Protein chains: 2
Amino acid sequence: MIDLDKPQIQQRFDMDAAADAIRNAYIASATGQVQAPPVTYLGFDRNNGDCHVKTSHIAGTDAFVIKIATGFYDNPAKGLPSSNGLNILFSATNGAPLAILRDEGWLTDMRTGLGGAIASCALGADGFERVLIVGTGLQCRHQARCLQALVPDRKLSFTIWGRNAAKAATAAKELAADGMNVQVAPDLQAACQGAQIIVTTTPAQSPLIQRDWIAPGTHITAIGADSPGKQELATELTANADLLICDDAAQSLDHGEFRAARSADLIGAGGVTALGLILSGDHPGRTDNAQITIADLTGLAVQDAAISLAVLDGGPDH
Amino acid sequence: MIDLDKPQIQQRFDMDAAADAIRNAYIASATGQVQAPPVTYLGFDRNNGDCHVKTSHIAGTDAFVIKIATGFYDNPAKGLPSSNGLNILFSATNGAPLAILRDEGWLTDMRTGLGGAIASCALGADGFERVLIVGTGLQCRHQARCLQALVPDRKLSFTIWGRNAAKAATAAKELAADGMNVQVAPDLQAACQGAQIIVTTTPAQSPLIQRDWIAPGTHITAIGADSPGKQELATELTANADLLICDDAAQSLDHGEFRAARSADLIGAGGVTALGLILSGDHPGRTDNAQITIADLTGLAVQDAAISLAVLDGGPDH
């Protein structure tokens, strides 16, 4: 069995191969070519922790994947990261264990970054350049890096806004050190008005972004909302968008960014389109450069399978 | 992270420690001290395979366990074992991965053997000696070895019956080579009549054992039936037993040995008692040596957690 730790995974990671794998996973998911049983959950109240086990298989691929992800939220006070975990791959041909990827959650961060970037590329107006990232955490960095990586032919112009200006400055400095074109946005409303792509990455519990701040032609990729009570975009903005996209409609409408508009009956259960159908060409996606489009991504187990397979396929021992 | 393969697990395995852990797991399960979410299933029709992922935690223990078990039933034709898998332990305090036990299914076989032996010891008539094992496969060996190990003060007298007399002879020879007292039973009815403990380990789809073959005072541990359609004991035998015991009532009544009697409305949903309540002393169990008792064991995820913890605790690196 191949056993890779986080540095080894990072060393053999290929962004383009991972992006291809994740695009294919979105398509497979939207067209019913996956097995992804319900997520298993354990809670550890005494230690403020939890564990999610996600099992999935993409039809036609060599391996199925079990991702075990833990979050223990008092860990930082003990000098430990709050997130941990690993992905295990088994042969879909004979059931033998193939590999353990002890990524400590890094592959989840990367697949979330790539998933957002793929959505932004698929739905952004032609030739977009001005990108606003809302939030200053880990996904701020991943979303920016992944999006620039997927648009190698032009240098994007990023602005970063956060409630904490110092954290925004730190994130901007880090990304600039990678050679990216990044500035801090002092005012969220003005930053929204000037952006062609907005990527929201916050755990906001009340909407940060209002409807009349968004210019025609803007695409928004909303990453932050992943449980009831979290919401980054005004309900009115979501309800009046020209196109609503998701990775998983049931999740988005139940506990993602689209929950509020659905609860208020402002959008129907059939009012959201799977990203995979746009990537496959089965749905036209954006049809003119004045449309406002919103993608809400809550995460798919098959993305974990896809990125794990890409790591395994990318190695010298394949 | 500790990484042990099957020989290493076998080397540090301690039968008594494992039996204690499994007893405690039955008690914890019966008294609501466990987390054991629904089992996750993937199917691989093209390769005649499947995978079950079982996640569980026993309150108060240091680690939770994810067991991944695969069965690919065309493997033997390719020279591979049909079963494979591993158990992974994570800290219940900080979520870090602790150990991977690449047991290839051996720990599942052992916990099944020990579970049956624990049930037989708990419910057998005082000082039982005569044990009949029905079936000649892997669990024939494990049930016999585990039961003898749990009764170190007296040498049990085993008989083995199987549809295939040659296989029964092979099993008896193997166990005799371990120093056990074993004979082949030529006739199942006579063997049942002479036994104090009967352990059934077959995939029979119609009852092998009839009601009037069973003498007063006999205890039966039924291991084989684990899906609808499998049944080892006559429905009438089950329906008229003095005490019905199970590891998990919902499983036994839905797809275990007790399914047939429950479907015919011959036993009630509340007519079965959890083994853990007998082990804890909350239920008296057998109250006289003329009672006929039946234990149906379908397997608990917390047994996987318990035996994995016992292996981890037993090592020099603990």
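**Exercise 1.** In this predicted model, work out which symmetry relation links chain B to chain A.

*Solution.* Begin with the general idea that two copies of a chain are related by a rotation about an axis and a shift along it. Here, chain B is laid on chain A by a turn of 180 degrees together with a shift of 0.0 Å along the axis, and the RMSD is then 0.1 Å. That is the relation of a two-fold axis. To place the axis within the structure, look in chain B for Thr40(B), whose C-alpha is the nearest to the axis in that chain, at 3.8 Å.

**Exercise 2.** Describe the side of chain B that touches chain A, and explain why the copies can be said to meet through the same surface.

*Solution.* First, note that 33 residues from chain B and 33 residues from chain A take part in the contact. Next, find where those of chain B lie: the strands β3, β4, β5, β6 and β7 of chain B each supply at least two of them, and the largest share, six residues, comes from β5(B). Sorted by class, this side has 19 nonpolar, 13 polar and one charged residues. Finally, 100% of the interface residues of chain B are also interface residues in chain A, so the copies meet through the same surface.

**Exercise 3.** Determine which strands stand at the edges of the eight-stranded open sheet of chain A.

*Solution.* Write down the order, which is β10-β9-β8-β11-β12-β15-β13-β14 with parallel pairing. β10 (181-184) and β14 (273-274) of chain A each have a single partner strand, so one side of each is left without a neighbour in the sheet. For β10(A), parallel pairing with β9 (residues 157-161) of chain A runs over four bridges, and Asn181(A) is the bridge partner of Ser157(A).

Note on methods. Residues numbered from 1 in each chain as written. Chains lettered and ligands numbered in written order. Predicted model: local features only at pLDDT ≥ 70, side-chain atom pairs only at ≥ 80, totals over all residues. Least-squares fit on C-alpha atoms with pLDDT ≥ 70 in both. Contact = placed C-beta atoms within 7 Å. Pairing = 2+ DSSP bridges. Helix = DSSP H or I, 4+ residues; strand = E, 2+ residues; numbered from the N terminus. Nonpolar A, V, L, I, M, F, W, Y, C, P; charged D, E, K, R; others polar.
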